Amino acid sequence: MNKDAVAERVAAQLFDAERAVDAALEEVAKLAALLPQARQEAYLAATVGQTVFASTASAVAGLTAVRGDLVQTHGSLAALARRMGLDAVAAGPMDKPKDDRPFHGYGRAAMATQDA
C-alpha cells in the first residue's frame with residue numbers, strides 16, 4: 001500500500017474519532033445540563049445527587065481533555081504529512097481555522113451566503 005493510501009486511512013479514522021468524541025461530549029454535556037432541572041422537577045433538596053453532578057462534570061472535563069489530545073494529534077499528523085511530502089488529505093466536513101474555502105458546502109463562505 002502506498003503512503004497516500006495509508007495517509008487517507010489514518011485521516012479517515014482520525015476524523016471518525018474526532019466526531020465520536022464530539023458526539024460523546026455533546027451527550028454528556030446535555031446530561032450535565034439536565035441534572036439540575038431534573039432535581040428541581042422532582043422536588044429534591046440541593047444536596048441530593050451532588051456526587052452525580054460532580055462525576056458528570058468530571059466526565060465533561062475528561063472528554064474535553066480527550067478532544068484536546070485529538071486536536072494535538074491532528075496537528076502532529078498534518079505536520080508529519082507535510083514533512084513526508086504527502087498531498088493534503090481531502091476528508092472531513094469542516095474548514096480549518098484561517099481557511100476561507102468551503103468544503104462540501106460547509107465553509108464560512110457558504111454559511112455567509114446562507115445568513116444573508
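This report describes the helices, the salt bridges and a nonpolar surface patch of a predicted model.

**Overall architecture**

The protein chain contains 3 helices and 0 strands, and read along the sequence it follows the pattern α-α-α. Of its 116 residues, 17% count as buried, while the accessible surface of the chain comes to about 8500 Å², with 61% of that area belonging to carbon and sulfur atoms. Among the contacts with a separation of 6 or more, 56% are made by residues 24 or more positions apart.

**Helix 2 and its cover**

Helix 2, which covers residues 50–83, has 34 residues and reaches 50 Å from its first C-alpha to its last, close to the 50 Å expected at 1.5 Å a residue. Its buried residues are Phe53, Thr56, Leu63, Leu70 and His74, and what covers these buried residues includes helix 1, the element that runs over residues 3–41. Just after helix 2, Gly85 takes a positive phi of about 75 degrees.

**Salt bridges**

Side chains of opposite charge can pair when their charged atoms come close. A search of the whole structure finds 4 salt bridges, and the table lists pairs from among them with the separation between N and O atoms.

| Basic residue | Acidic residue | N to O distance |
|---|---|---|
| Arg19 | Asp16 | 2.4 Å |
| Arg67 | Asp22 | 2.5 Å |
| Lys30 | Glu27 | 3.5 Å |

Which of the helices holds both Arg19 and Asp16? Both residues lie in helix 1, where they are 3 residues apart, about one turn of the helix. Arg19 counts as partly exposed because its relative accessibility is 42%, a value between the limits of 20% for buried and 50% for exposed, and Asp16, with a relative accessible area of 38%, is likewise partly exposed.

The salt bridge between Arg67 and Asp22 links distant parts of the chain, since Arg67 belongs to helix 2 and Asp22 to helix 1, with their positions 45 residues apart in the sequence. Arg67 has a relative accessible area of 37% and is therefore partly exposed, and Asp22, at 31% relative accessibility, also counts as partly exposed.

Lys30 and Glu27 are 3 residues apart in helix 1, so they are separated by about one helical turn. Salt bridges that share partners join these two residues and Glu26 into one network. Lys30 is partly exposed at 46% relative accessibility, and Glu27 is partly exposed at 47%.

**Nonpolar surface patch**

Apart from these charged pairs, the surface carries a nonpolar patch formed by Met1, Val6, Val10, Leu77, Leu80 and Met84, which together have about 520 Å² of accessible area. The elements that give two or more residues to this patch are helix 1 and helix 2. Where in the chain is Met84 found? Met84 is found in the loop between helix 2 and helix 3, the latter covering residues 108–115. Met84 counts as partly exposed because its relative accessibility is 39%, and this value is also over the 30% that a residue needs in order to belong to a patch.

**Helices 1 and 2 together**

Helix 1 and helix 2 are thus connected in several of the features described above: the cover of the buried residues of helix 2 includes helix 1, the salt bridge of Arg67 and Asp22 links the two helices, and both helices give two or more residues to the nonpolar patch.

Terms used. Residues are numbered from 1 along each chain as its sequence is written. This is a predicted model: local features need pLDDT of at least 70, side-chain atom pairs count only at pLDDT 80 or more; totals for chains, interfaces and linings use all residues. Side-chain values use heavy atoms; hydrogens and water are left out. Patches are made of residues with over 30% relative accessible area and no salt bridge: like charges are joined within 9 Å, nonpolar side chains (Val, Leu, Ile, Met, Phe, Trp, Tyr) within 5 Å. Accessible areas come from the Shrake-Rupley method with a 1.4 Å probe; for residues, only the protein chains shown count as cover. A salt bridge is a side-chain nitrogen of Lys or Arg within 4 Å of a carboxyl oxygen of Asp or Glu. Helices (H or I, at least four residues) and strands (E, at least two) are DSSP runs, numbered from the N terminus. Buried means under 20% relative accessible area, exposed over 50%, partly exposed in between (1.4 Å probe, protein chains only). Contact means heavy atoms within 4.5 Å. The expected span of a helix is 1.5 Å times one less than its number of residues.
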